[in-house]
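Morning, everyone. I have one structure for you today, and I want to walk through its charged pairs and its ligand site. Let me put it on the screen.

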Amino acid sequence: MNIKSAVFVKGVTGTNEIFEDNRPQIVLIGRSNVGKSTLINTLTNQKNLAKTSSFPGRTQQINIFLINNSFYLIDLPGYGFAKVPPQVKEKISKMIEWYLFRSGYDFKKVILIIDAKVGPTADDLAMYDSLRLASKDVIVVANKIDKLKKGDHLKQIEKINQAFENHRVIPFSAETKKGLGELTKEII
Ligand code: GDP
């Protein structure tokens, strides 16, 4: 099965009737600038569905996309950015924390996106631990894998695997489309 249609439904900052819809929700989370928007565009084969930006922290809402008219992709705001005011940072952290851990919404899977070259940051690992503690179904995506030198590939993936306790990690690149089939299968 493939992604045949993808539409932006709306951006929200809190509770919404869409979250009560009986269509499954697949959640995307990651540090700001990790390439989440680009990944959404690659997955859905659209140029501008999720607005990409080189300016971290611009997306300050939960963006909802309807895929194949059958499930939602929930794009949570990026965490861990440095260049936004503390109040904004706090607002975003609260929103993420609310949706993932307090809303009671029954989402199906969380795709945690990390930067393959940077490796897992303290924020990434803290997010992973919280998700596991809350018994969420997590898939880790090591993004921007094209940025690694060929010789560093295996070593870095191994390091990432270890950091996530040998949990499944999908190496991914929007540039080369590596991992696209694997991730699509996971999501659908
Ligand atoms: P977001 O803040 O997580 O939504 O990040 P964006 O999707 O806006 O991407 C941030 C930057 O990373 C942009 O300059 C993208 O072009 C770049 N980027 C995203 N995915 C990839 C990738 O797979 N490989 C490389 N080399 N760069 C990427």
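Start with Arg102. Buried or exposed? Arg102 counts as exposed because its relative accessibility is 53%, and the cut-off for exposed is over 50%. Keep in mind that this is a predicted model.

Arg102 has a partner. It forms a salt bridge with Glu97, and the closest N and O atoms are 2.9 Å apart. Glu97 is at 33% relative accessibility, so it counts as partly exposed.

How many salt bridges does the structure hold? The count is 10.

Next pair: Asp115 and Lys144. Their side chains meet in a salt bridge, 4.0 Å from N to O. This pair links distant parts of the chain, 29 residues apart. Asp115 sits in strand β5, residues 109-115. Lys144 is in the loop between β6 and α4. Now the exposure. Asp115 has a relative accessible area of 5%, so it is buried. Lys144, at 21%, counts as partly exposed. The cut-off for buried is under 20%, which is why Lys144 does not make that class.

Third pair: Arg168 and Glu182. Here the salt bridge is 2.9 Å, N to O. Again, distant parts of the chain are linked, this time 14 residues apart. Arg168 is in the loop between α4 and β7. Glu182 belongs to helix α5, residues 180-187. Both ends are partly exposed: Arg168 at 38% relative accessibility, Glu182 at 35%.

That pair does not stand alone. Arg168 and Glu182 join Lys109 and Glu186 in a network of salt bridges.

Now the ligand. Which residues are closest to it? They are Lys36, Ser37, Thr38, Asp146 and Ala174, out of 15 that surround the ligand. Which element gives the largest share of that shell? Helix α1, residues 36-44, with 3 residues. By class, the shell has 8 polar, 5 charged and 2 nonpolar residues.

Look at the backbone contacts. A backbone N or O atom of Ala174 lies 2.7 Å from a ligand oxygen. For Gly35, a polar backbone atom is 2.9 Å from an oxygen of the ligand. For Val34, that distance is 3.2 Å. As for cover, the ligand on its own has 580 Å² of accessible area, and the protein covers 78% of it.

That's my tour. Over to you for questions.

How values were computed
Residues are numbered from 1 along each chain as its sequence is written. This is a predicted model: local features need pLDDT of at least 70, side-chain atom pairs count only at pLDDT 80 or more; totals for chains, interfaces and linings use all residues. Side-chain values use heavy atoms; hydrogens and water are left out. Buried means under 20% relative accessible area, exposed over 50%, partly exposed in between (1.4 Å probe, protein chains only). Helices (H or I, at least four residues) and strands (E, at least two) are DSSP runs, numbered from the N terminus. A residue is near a molecule or strand if one of its heavy atoms lies within 4 Å of it. A polar contact is a pair of N or O atoms within 3.5 Å; within protein, one must be able to donate a hydrogen and the other to accept it, and residues adjacent in sequence count only if both atoms are side-chain atoms. Accessible areas come from the Shrake-Rupley method with a 1.4 Å probe; for residues, only the protein chains shown count as cover. Ala, Val, Leu, Ile, Met, Phe, Trp, Tyr, Cys and Pro count as nonpolar, Asp, Glu, Lys and Arg as charged, and the others, Gly among them, as polar.
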